[in-house]
Amino acid sequence: MLITNIQSNSRIKIKHVFAFFFLLILNLNSYCNTDSLKVILKNTNNINLYLELIEEYYGQNNISECVHYSDSLINSKTNFTPYQKSELYYYYGLGNHKLANEDTAIEYLQKSIAIKENIYKNDTTDITNNEKLSIAYYILGIITEKYKQSFYNSLIYYKKALKFAEHTNNNRIKLIAYNALGYIQVDIGEISKAIKTLLKGLALAEKSKDTLSIAKMSLAVGYTYYFNEDLENALKYYKNALYFAKKIKAKAGVSISLINIGNIYQDKKEYNEALNNYKKALTIQENFIKDKATIASIYNNYGNIYTEKKQYEQSLKYFNKALELAREIKNNTQIALALSDIGSVHIHLKNYNKALKYISKALKIAVSDGQVQMQKKIYKDFYKLYSNKGDDKQALAYFKKFTELKDSMISIESKEKISEIETKYQLEKKEQLIALQKKVIEQKELIIKRKKHERIIFIGSYALLVIALAVIIFSLVQIKRHRNAILVKNEVLKQQKEELSAQSEKLDYTNKELRRNSKLKELFFANTSHEIRTPVSIISGFAELVLKTKLTGKQKEYITNIKNSSKNLLVIINDILDFSKIEAKKMKVENIDFDLEKLINSFFNNMLIKAKEKNLELKLNKDVNLPHFLPHFVKGDPVRLNQILTNLVANAIKFTNERGKIAINIENQARKENVYFLKFSISDTGIGIPENKLNNIFENYTQADIETTRKYGGTGLGLSIVKKLIDLQNGTISVVSEVNKGSTFTFTIPFGFSSVTEINATDKLLKVKHLNDFDKLSILLVDDNPVNRALTIDTITMENNKISVDEADNGKIAIEKLQKKAYDIILMDLLMPVMDGYETTQFIRNKLKVPVSQIPILGFTANSIHEELETCVEKGLNDCISKPFQPEELFNKIISLIQHKN
């Protein structure tokens, strides 16, 4: 707003007051424009008025309205002139960019550009058109660089943005184009071109006296010199950027300048000075700007210093922080840098396999995105790795790649050219300074002449000034008294402000600690649970195999106990994993078509087996009465519904004594606007819950009492997870209970209407087979864990000993085997060294020839199948199975994939 706080002061002149109200009226008028235009448009279909309204909304940053009106006009089937089309597509493209609809933005900005360039093919005098073309190309450059990671395409767009900007009078647009073009030229290794571009931009910023742009351009020039290994020039321009950024209190500019100055001191091995600059930058970022990409780069810099100081534990801590943030914001440049730096630390620690894994991933990203600077660094890492391992042949190969890339970017000729550009820029600057000094001398001579005339007037006015002085002295005394009173008041306010600031800092620190503790807890749960799953899976699997052999009664009892205990442990682990995901807000809920009747029947049959083991009666009652009969198919999350029902019924079985009863009731309460409100009730005749515990039963780690925990076990997370999963699906849950009489848990979830009549119909046409039907089956098993491999092989061969299973302990060996022999199916572990399951699958699908590239691949994961399946399919796997697997589930998936293939 233009309204400012005006204090009563006798020195404010009347013309300033008029100026203030004039600006206020102008400002209010701009807000009235859109309302006026909307009133006019009610009585007319004038296209130009519509375009004016769209432009007004964009100018006011009311992007949703801008896009709404643009979209309405595009779909109105109106006949537009080429100019009207170009304007409409221009604002629609810009609006979608601001709403992060980048593909739509690209499409319509390109359409607008094509029309505008055709209209003004031979006319470069239309300044407004040139400005819009420049902005459109600049936005396309940003999208292709930031979201599409296509540096060469963005280079073309930025060049065109600058070309059209130079035909305008708008220096700010020119400077933005210079800056963007210079940075992208550095990233693709065109150093001398980048220096030339950025020094032109800096000269224009200085000529325009645009302080912000001087800071930005100085930063860009310093960045270019830094990558050209000219540290002194880089430091000079970075300090210049810092000076101007501080001058206008641009916190982002100050932060970036400090980081870059820290980089210089780090390269000069002045570590304390470097850390001092990084610390100041991090304080600004964490307290004010909170840009995750910049914070990640600071963490990376901390890590590099600790690596150079050989404090590797500290350096890995900061590199992993940087990697986590980079992945969170999907910044490929930062991801590649962090992976490369983690790899470098593992080289120092002589963990060569880990080092190879990290730097290979970094190189893949750098090559894919055309990050030439990053490729240079990674080739150097490869050289160090193989050199330390004593593999001189590989070390020499990567050293050649490093030097070739370095020489292509920083040749002697290139350095001379850069030096020539810098000298030319400095000479032009000196000439401008000389011209400015001449102008100052001329002005001083003019002032001297004026002073001679003023002296005569001064003598005549002296008497009047003496009289005025007496009046002024009296006024000053009054003003001083008033000022003293204000100073006292301000001092009190200052003290109050300092107290509030101290309290605020204390609260900020407390909040950071809470967030940090929450993050540590999440990581602890996730990592610990994941590490426990693998050995428990192996125990459960081998117990299953042993039970299929001849055993004495006592041996069978022991093995059954081992199997049941491992299953119980997995339930606890899954609870912890689900809880940590929900707490971190990473739990996803799907909305897909599924067969409700099939899910309920399958769930009920599984629970019936458990109920019979404890000699309990389990009944299922489904509402089949009109008008609210239970639908066959619905839209929602079948996995989470099954999890909720399983958890509640398993609890009922657990807390109900032998010969007790459990009833599951399901009814459709209503259907409103294509939504079913399904109500599920689980009643039991178990131990019940005390009335004073009912309000807390859904809280974390809560059970009825200590005695219950001791007797029945559990984490106290089950009902908490159920409640959170129901909340995620916009449902409700309640409980009624009486001690020693039983409990009833009731929950309602809205499910979408489904138009599907049959799911997986094609599967029903396949002839049902068993694994015993496949005598000549050839399987390739890829897993780095020999115990896992033994378990899988024994599980398969115990079912059918005629099946042939070959082993590979990593992806690289698997590819070698595939090039020599054909297989019917591949069983692929997803987490392996050298080449993981995803990388191996991508290589098979993209690099090997048909029919090998089309072999079905079944993935093995220790994660939840719900969250891993989508990634598996995206990466080229046909399906995946979670560890520990049930033999029947593994056999069914193998059979299904082979039948689909045939």
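Which residues is Ser 778 in contact with, leaving aside its neighbours within four places in sequence? In this predicted model, the partners of Ser 778 are Ser 804, Lys 821, Ala 822, Tyr 823, Asp 824 and Ile 825. Ser 778 belongs to strand S8, which covers residues 778–782. With a relative accessible area of 11%, Ser 778 is buried, because the cut-off for that class is under 20%.

The wider setting is as follows. The protein chain contains 31 helices and 12 strands. Of its 902 residues, 41% are buried. Among contacts with a separation of 6 or more, 64% are between residues 24 or more positions apart.

Two individual positions illustrate pairs that are separated in sequence. Ile 143 sits in helix H6, residues 127–146, and is buried, its relative accessible area being 0%. Its C-alpha atom is 6.8 Å from that of Glu 102, although the two residues are 41 residues apart along the chain. Ala 650 is part of helix H23, residues 638–654. The C-alpha atoms of Ala 650 and Ala 611 are 8.8 Å apart, with the two positions 39 residues apart in sequence numbering. Ala 650 has 30% relative accessibility and therefore counts as partly exposed, since that class lies between the limits of 20% and 50%.

The nonpolar interior comes next. The largest nonpolar core has 116 residues, and Tyr 238, Tyr 302 and Ile 378 have the most contacts inside it. Helix H10, residues 211–227, gives the most to this core, contributing nine residues. Ile 378 touches Ser 340, Ile 359, Ala 362, Leu 363 and Ala 366, when residues up to four places away in sequence are not counted. A second core, separate from the largest one, has 42 residues, among them Leu 618, Leu 641, Ile 689 and Leu 694.

Tyr 238 also appears in a helix pair. Helix H11 (residues 231–247) packs with helix H12 (residues 251–267) at an angle of about 155°, and their axes are 9 Å apart. Angles over 145 degrees count as roughly antiparallel, and H11 and H12 are therefore roughly antiparallel to each other. The crossing of H11 past H12 is left-handed. On the H11 side, the residues that meet H12 are Leu 231, Ala 234, Leu 235, Tyr 238, Lys 239, Ala 241, Leu 242, Ala 245 and Lys 246. On the H12 side they are Gly 253, Val 254, Ser 257, Leu 258, Asn 260, Ile 261, Ile 264, Tyr 265 and Asp 267. Sorted by class, this contact has 12 nonpolar, three polar and three charged residues.

The loops hold some backbone details. Lys 290 lies in the loop between helix H13 (271–289) and helix H14 (292–308). The phi of Lys 290 is near 60°, a positive value in a residue other than glycine. Lys 290 is exposed, with a relative accessible area of 56%. Lys 350 is in the loop between helix H16 (332–348) and helix H17 (352–369), and its phi, near 65°, is likewise positive in a residue other than glycine. The relative accessible area of Lys 350 is 61%, so this residue is exposed.

Another loop, between helix H29 (837–847) and strand S11 (857–861), contains Pro 851. The peptide bond joining Val 850 and Pro 851 is cis, with omega of about 10°.

Technical notes. Residues are numbered from 1 along each chain as its sequence is written. This is a predicted model: local features need pLDDT of at least 70, side-chain atom pairs count only at pLDDT 80 or more; totals for chains, interfaces and linings use all residues. Side-chain values use heavy atoms; hydrogens and water are left out. Axes are lines fitted to C-alpha atoms, for helices over the stretch in contact, and angles run from 0 to 180 degrees between N-to-C directions. Helices (H or I, at least four residues) and strands (E, at least two) are DSSP runs, numbered from the N terminus. Angles under 35 degrees count as roughly parallel, over 145 as roughly antiparallel, 65 to 115 as roughly perpendicular and the rest as oblique. A crossing is left-handed if the near helix is turned anticlockwise from the far one by less than a right angle, and right-handed if clockwise. Contact means heavy atoms within 4.5 Å. Ala, Val, Leu, Ile, Met, Phe, Trp, Tyr, Cys and Pro count as nonpolar, Asp, Glu, Lys and Arg as charged, and the others, Gly among them, as polar. A nonpolar core is a set of buried Ala, Val, Leu, Ile, Met, Phe, Trp, Tyr and Cys residues joined through side-chain atoms within 4.5 Å. Buried means under 20% relative accessible area, exposed over 50%, partly exposed in between (1.4 Å probe, protein chains only).
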